[in-house]
Amino acid sequence: MHLTQDLELFPEYTVTQLLFKDVKNATELRKMAVNGEIKGALINPSMVVDAFQILVAANKAVHLHKSGKMKTRSLYSEIIFNLSPTNNISEAFKRFGISDSDSAVLIVLVHNKDETLNIDNIISKVDGQQIAVDRVSDLNDVAKIKKLYKVAPQEEKCGSLLDAVVCRMATKDVA
């Protein structure tokens, strides 16, 4: 159900993604994340094209964390910020973080391979149905994604929506 991947550039780190639908306690989950009770990024899956998009954001966050160049206060807020095509932190949280009314959540955990990760503990905190991460496309809003990332129809003729999104995420810091 969950997806766990190693970061190629940082082999000591692993990224785990968990996807839930029909979530009834988004408010409580958000509060738990803010208070540090859930050590993870809580992402609105309606703005996610594919799990690879999350992996790119997490990889960039770990890189910035290790080099001391994060723009936000924590590794998990940096993941949410890295999903955004703009440099506006509060806008990134509005678009990619979960809100109290959300009924789906994608939880992203970054952990050192030496640490034991208690996934069941996190799953038990979510009042919703866990689904396979590769089903994130069932929950996304393609029209909103295209609008936010300014993807032109012509661009989709030569590449995928995922290509366009990841390209914008990766190049937003390039002046």
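These legends accompany close-up views of a predicted model.

**View 1. Helices H3 and H4 pack against each other at an angle of about 85°.**
Two packed helices are described by the angle between their axes and the distance between the axes. Here the partners are helix H3, residues 75–83, and helix H4, residues 89–96, and their axes lie 8 Å apart. H3 and H4 are therefore roughly perpendicular to each other, since angles from 65 to 115 degrees count that way. To find the contact, look on H3 for Ser77, Ile80, Phe81 and Leu83, and on H4 for Ile89, Ala92, Phe93 and Phe96. Sorted by class, this contact of H3 with H4 has seven nonpolar residues, one polar residue and no charged ones.

**View 2. Thr14 sits in strand S2 and shares a polar contact with Asp6.**
Find strand S2, which covers residues 13–21, and then look for Thr14 within the strand. Is Thr14 buried or exposed? Thr14 counts as buried because its relative accessibility is 6%, and the cut-off for buried is under 20%. The side chains of Thr14 and Asp6 are joined by a polar contact of 3.2 Å. If you set aside the neighbours within four places in sequence, Thr14 is in contact with Thr4, Gln5 and Asp6, and also with Leu109, Val110, His111 and Lys113.

**View 3. Asn25 lies in a loop, and its side chain reaches the backbone of Lys125.**
The loop to look for runs between S2 and helix H1, which spans 26–34. Asn25 counts as buried because its relative accessibility is 11%. Which backbone atom does the side chain of Asn25 reach? The backbone oxygen of Lys125, at 2.8 Å. Leaving out neighbours within four places in sequence, the contacts of Asn25 are Lys125, Val126 and Asp127. Now look for Ser101: Asn25 and Ser101 are 76 residues apart in sequence, yet their C-alpha atoms are 8.9 Å apart in space.

**View 4. Asp22 and Lys150 both have a positive phi without being glycines.**
Start with Asp22, which is found in the loop between S2 and H1. The phi of Asp22 is near 55°. Asp22 counts as partly exposed because its relative accessible area is 42%. Then turn to Lys150, placed in the loop between H6 and H7. Lys150 has a phi of about 55°. Lys150 counts as exposed because its relative accessible area is 70%.

**View 5. Cys158 and Cys167 have sulfur atoms 10 Å apart.**
A disulfide is a covalent bond between the sulfur atoms of two cysteines. How many disulfides does a search of the whole structure find? The search finds zero. Cys158 is in no disulfide, and the nearest cysteine sulfur to that of Cys158 belongs to Cys167. Why is there no bond between these two? The sulfur of Cys167 is 10 Å from that of Cys158, which is too far for a bond, because a disulfide needs the sulfur atoms to be within 2.5 Å. As for exposure, Cys158 is exposed, with a relative accessible area of 70%, while Cys167 is partly exposed, with a value of 42%.

**View 6. Helix H8 has buried residues that pack against several other helices.**
Helix H8 covers residues 161–171. Which residues of H8 are buried? They are Leu161, Leu162, Ala164, Val165, Val166 and Met169. These buried residues pack against helix H2 (51–66), H3, H6 and helix H7 (153–158). When you follow the list of partners, you will recognise H3 from the view of its packing with H4.

**View 7. Lys144 belongs to helix H6.**
Helix H6 covers residues 142–148. Lys144 is partly exposed, with a relative accessible area of 48%. Lys144 can be paired with Arg95 for a look at sequence and space together: these residues are 49 residues apart along the chain, and their C-alpha atoms are separated by 10.0 Å.

Note on methods
Residues numbered from 1 in each chain as written. Predicted model: local features only at pLDDT ≥ 70, side-chain atom pairs only at ≥ 80, totals over all residues. Heavy atoms only, no water. Axes fitted to C-alpha atoms, helices over the stretch in contact; angles between N-to-C directions. Helix = DSSP H or I, 4+ residues; strand = E, 2+ residues; numbered from the N terminus. Parallel < 35°, antiparallel > 145°, perpendicular 65-115°, else oblique. Contact = heavy atoms within 4.5 Å. Nonpolar A, V, L, I, M, F, W, Y, C, P; charged D, E, K, R; others polar. Buried < 20%, exposed > 50% of the residue type's maximum accessible area, 1.4 Å probe, protein only. Polar contact = N/O pair within 3.5 Å; in protein donor to acceptor, adjacent residues only side chain to side chain.
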